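Student: I would like a close look at one part of this protein. Please start from a surface residue and work inward to the charged pairs.

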Amino acid sequence: MEVDRRRIAMASEFMSRIFHRFVILLVYYSFSFTLTFVNYVDRSRAIQPLSIQPPIEGSITEDPLAALLPHYIKKSNVDPYLTRNVTTQVGKTVYLHCIVNLVGDRTVSWIRLKDFHLLTVGKYTYTSDTRFQSVYVGISNDWALQIKYPQVSDEGLYECQVSSFPSKSVYFRLWVVVPQARILEGPDMYVEVGSAINLTCVIVDSPEAPAYVFWYHDGRMINFDFTRGSITVQKGGGDTAVSRLRIKDAQPSDSGNYSCSPSNADIVSTIVYVVKGEKQAVVQNIEGSATQGSFELNVNNLLLFIGIVIACFLRR
């Protein structure tokens, strides 16, 4: 009878130890899986571009502020069919056109609504910021507001106001975009010896094509000093511009850093490798390094788990 009790006690202790180990293992891998999932979500969120598109230039979407005063906008001498949304790029002079017929002895003023700053009255400027100026074109009755070298801080609502009673106004929303460049083939590109190198540089948020796009190879401009290729720049769809670099009969000496430098955006780069029968080996070396890193990570996890188990047994 005593023997049976001892056997039952030993079996119970053995099952208890197995259960404890199972709980520790379950907690450890649950924690590890949670950390992996959280890191994956964070990386996914980090690489998602924040896409906020301003209204297309020329659109006449209803402005919430305009809804407060349609009774006199429609009955005024101010043309209500002008473009309300105006888009320009940083540093590019922009004009807000306000057509006013039969001005008479009244005046046309421009007001920046974010701080209610009076910018111009008639042909006179009432701000110390010399970037703002009133431009009157008599043949079209256009009282335009000129903004030189616009910055993102200049975005917002602008009011063209006629000094009648009650006053009559039209509102313009200015959007200032910052062009950004990207090489589609980046960050690394592998090319076989004798084939062609084709690089495409896309400039987005560029209402106008850049005045120039310079291409560099290892810091040396190559727009005019080679005969085995070509460089083109053209306006794409929407607010997009595209520049293409093509080099025929690529040689190992063509390997290196290639940079695209538009006149209206920051420079971007990519690395080109011209290889002869070694492309697959290079890729395999990269994959091997990644596998080795993953193996080392798994070994570290296993050692950590063994340490936790030993610590639990020592505490018992």
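Tutor: Start with Tyr126. Its relative accessibility is 48%, so Tyr126 counts as partly exposed, since the exposed class begins only over 50%. Tyr126 sits in the loop between β5 (124-125) and β6 (132-137). On the surface, Tyr126 joins Leu118 and Tyr124 in a nonpolar patch. Together the three residues offer about 350 Å² of accessible area.

Keep in mind that this is a predicted model. The pLDDT averages 76 over the protein, and 62% of the residues score at least 70. Confidence varies among the elements. β17 has the highest mean pLDDT, 95, and helix α2 (residues 70-73) the lowest, 38. Over residues 38-78 the pLDDT is below 50, yet this stretch has 45 contacts in the model beyond near neighbours in sequence. Residues 284-296 also stay under 50. For them the model has one contact beyond four places in sequence.

Now move along the loop that holds Tyr126. Arg131 lies in the loop between β5 and β6 too. Arg131 has a relative accessible area of 17%, so it is buried, the limit being under 20%. Asp129 is partly exposed, with a relative accessible area of 24%. Asp129 and Arg131 form a salt bridge. Their closest N and O atoms are 3.0 Å apart.

Arg131 has a second acidic partner, Asp154. In this salt bridge the closest N and O atoms are 2.8 Å apart. Arg131 is in the β5-β6 loop and Asp154 in the β7-β8 loop, so the pair ties together parts that are 23 residues apart in sequence. Both Arg131 and Asp154 are buried.

Look at Asp154 itself. Its loop runs between β7 (142-147) and β8 (156-162). The relative accessibility of Asp154 is 4%, which puts this residue in the buried class. Besides pairing with Arg131, the side chain of Asp154 places a polar atom 2.8 Å from the backbone nitrogen of Gln151. What else does Asp154 touch, leaving out residues up to four places away in sequence? The list is Lys114, Arg131, Phe132, Ile147, Tyr149 and Leu174.

A salt bridge elsewhere makes a useful companion case. Arg228 pairs with Asp254, and their closest N and O atoms are 2.9 Å apart. Arg228 lies in the loop between β14 (220-221) and β15, while Asp254 lies in the loop between β16 (240-247) and β17 (256-262), so this pair ties together parts that are 26 residues apart in sequence. Arg228 is partly exposed, at a relative accessible area of 32%. Asp254 is buried, at 7% relative accessibility. Back at the starting site, salt bridges with shared partners join Asp129, Arg131 and Asp154 into one network. The structure holds five salt bridges.

The loop of Asp254 has another residue to check. Asp249 also lies between β16 and β17. Its phi is near 50 degrees, a positive value in a residue other than glycine. Most residues other than glycine have a negative phi. Asp249 counts as partly exposed, at 41% relative accessibility. Phe116 has a positive phi as well, near 55 degrees. Phe116 is in the loop between β3 (108-112) and β4 (117-121). At 66% relative accessibility, Phe116 is exposed.

Next, take strand β15 (residues 229-235), where Thr232 is found. Thr232 is partly exposed, at 38% relative accessibility. Leaving out residues up to four places away in sequence, Thr232 touches Val242, Ser243 and Arg244. Thr232 and Arg244 are twelve residues apart along the chain, but their C-alpha atoms are separated by 5.3 Å.

Finally, set these sites in the whole protein. The protein has three helices and 18 strands. Of its 316 residues, 31% are buried. Among contacts between residues at least 6 apart in sequence, 61% join residues at least 24 apart. The accessible surface comes to about 20100 Å², and carbon and sulfur atoms account for 59% of that area.

Methods
Residues are numbered from 1 along each chain as its sequence is written. This is a predicted model: local features need pLDDT of at least 70, side-chain atom pairs count only at pLDDT 80 or more; totals for chains, interfaces and linings use all residues. Side-chain values use heavy atoms; hydrogens and water are left out. Helices (H or I, at least four residues) and strands (E, at least two) are DSSP runs, numbered from the N terminus. Buried means under 20% relative accessible area, exposed over 50%, partly exposed in between (1.4 Å probe, protein chains only). A polar contact is a pair of N or O atoms within 3.5 Å; within protein, one must be able to donate a hydrogen and the other to accept it, and residues adjacent in sequence count only if both atoms are side-chain atoms. Contact means heavy atoms within 4.5 Å. Accessible areas come from the Shrake-Rupley method with a 1.4 Å probe; for residues, only the protein chains shown count as cover. Patches are made of residues with over 30% relative accessible area and no salt bridge: like charges are joined within 9 Å, nonpolar side chains (Val, Leu, Ile, Met, Phe, Trp, Tyr) within 5 Å. A salt bridge is a side-chain nitrogen of Lys or Arg within 4 Å of a carboxyl oxygen of Asp or Glu. pLDDT is the predictor's confidence in each residue, from 0 to 100.
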